[in-house]
Amino acid sequence: MDKIPEEQLNELRDAFALFDKEGKGHIKASEVGDLARALGTNCTVADAQKVSGSKENPNKALKFEEFVPMMLDLQKIKDPLKKADFMEGFKCVMDNLNTGLVEYDMIKTVLMKLGEKLDQETVEHVLKGMSDDNGMVKYEEVINKVLEGNY
C-alpha cells in the first residue's frame with residue numbers, strides 16, 4: 001500500500017470505516033461493490049463479486065488491507081457506456097415522439113431483462129416515486145439513478 005498517495009489511502013480508510021458498522025476492522029465481501037460505488041467507481045455487481053469473492057462467500061470478512069487492492073482493481077475498470085449512449089438508446093427505441101418519457105412497465109421490463117439484470121424488488125425501489133399519473137417515467141432520471149448506483 002506504500003505506492004498509494006496518503007490522501008487517497010486516508011479517503012479509502014474513512015470510507016471503509018463508514019461501512020465497518022460494528023467497528024471490528026472488517027466489512028462483508030458483499031459490501032465491496034457498494035463501497036466502491038460510494039467512492040466514485042461505476043463497477044458492476046459482477047465486477048465487485050469477481051474481485052471480492054462475494055458470490056461464493058458474501059459474508060466473508062475483509063480487512064482494510066484486503067480491500068485496498070480490490071478497490072484499486074475496480075478503479076481500473078473503465079465503463080465504456082456513457083449517459084448519452086443510454087439516452088440515445090431510449091430515444092431511438094422507446095421515445096419516438098421525443099417526450100423524454102417512457103411507460104413504467106416498459107422501463108421496468110428493460111431494467112429486469114437487459115444488460116446487468118436487476119431483480120424485481122430492486123427495480124421497484126429504483127422506480128419508486130418516478131411514475132406520473134399517466135404511468136409514464138422520465139427515463140433520464142432513471143438513467144442517472146442507475147449510473148450513480150443510487151438505489
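Helix α6 crosses helix α7 in a right-handed sense. This is a predicted model, and the crossing is a convenient place to enter it. The two helices, α6 and α7, pack with their axes 10 Å apart and at an angle of about 135 degrees. An angle of that value falls outside the ranges for parallel, antiparallel and perpendicular pairs, and α6 and α7 are therefore oblique to each other.

The residues that make this contact can be listed from both sides. Helix α6 contributes Tyr104, Ile107, Lys108, Leu111 and Met112, while α7 contributes Gln120, Val123, Glu124, Val126 and Leu127. Sorted by class, the contact of α6 with α7 has 7 nonpolar residues, 1 polar residue and 2 charged residues.

Lys108 and Glu124, both part of this contact, also form a salt bridge, in which the closest N and O atoms are 3.3 Å apart. Lys108 belongs to helix α6 (residues 104-113) and Glu124 to helix α7 (residues 120-127), so the salt bridge ties together parts that are 16 residues apart in sequence. As for exposure to the surroundings, Lys108 has a relative accessible area of 18% and is buried, because the limit for buried is under 20%. Its partner Glu124 is partly exposed, with a relative accessible area of 34%.

The model has 5 salt bridges in total, and two others are described here. One of them joins Lys83 to Glu140, with 2.7 Å between the closest N and O atoms. Here Lys83 lies in helix α5 (residues 83-94) and Glu140 lies in helix α8 (residues 139-148), so this pair links parts that are 57 residues apart in sequence. Lys83 is partly exposed, at a relative accessible area of 30%. Glu140 is likewise partly exposed, at 36% relative accessibility.

Another salt bridge is formed by the side chains of Lys24 and Glu22, with an N to O distance of 3.3 Å. Lys24 has a relative accessible area of 57% and is exposed. Glu22, at 61% relative accessibility, counts as exposed too. Both values can be read against the limit for exposed, which is over 50%.

A second helix packing involves α3 (residues 45-52) and α4 (residues 64-76), whose axes are 10 Å apart and meet at an angle of about 145 degrees. The crossing of α3 with α4 is right-handed. On the α3 side the contact is made by Asp47, Ala48, Val51 and Ser52, and on the α4 side by Met70, Asp73 and Leu74. The residues of this contact of α3 with α4 divide into 4 nonpolar, 1 polar and 2 charged.

The last stop is in a loop. Asn98 sits in the loop between α5 and β3 (101-103). Its phi is near 55 degrees, which is a positive value in a residue other than glycine. Most residues other than glycine have a negative phi. With a relative accessible area of 52%, Asn98 is exposed.

Key: Residues are numbered from 1 along each chain as its sequence is written. This is a predicted model: local features need pLDDT of at least 70, side-chain atom pairs count only at pLDDT 80 or more; totals for chains, interfaces and linings use all residues. Side-chain values use heavy atoms; hydrogens and water are left out. A salt bridge is a side-chain nitrogen of Lys or Arg within 4 Å of a carboxyl oxygen of Asp or Glu. Buried means under 20% relative accessible area, exposed over 50%, partly exposed in between (1.4 Å probe, protein chains only). Helices (H or I, at least four residues) and strands (E, at least two) are DSSP runs, numbered from the N terminus. Axes are lines fitted to C-alpha atoms, for helices over the stretch in contact, and angles run from 0 to 180 degrees between N-to-C directions. Angles under 35 degrees count as roughly parallel, over 145 as roughly antiparallel, 65 to 115 as roughly perpendicular and the rest as oblique. A crossing is left-handed if the near helix is turned anticlockwise from the far one by less than a right angle, and right-handed if clockwise. Contact means heavy atoms within 4.5 Å. Ala, Val, Leu, Ile, Met, Phe, Trp, Tyr, Cys and Pro count as nonpolar, Asp, Glu, Lys and Arg as charged, and the others, Gly among them, as polar.
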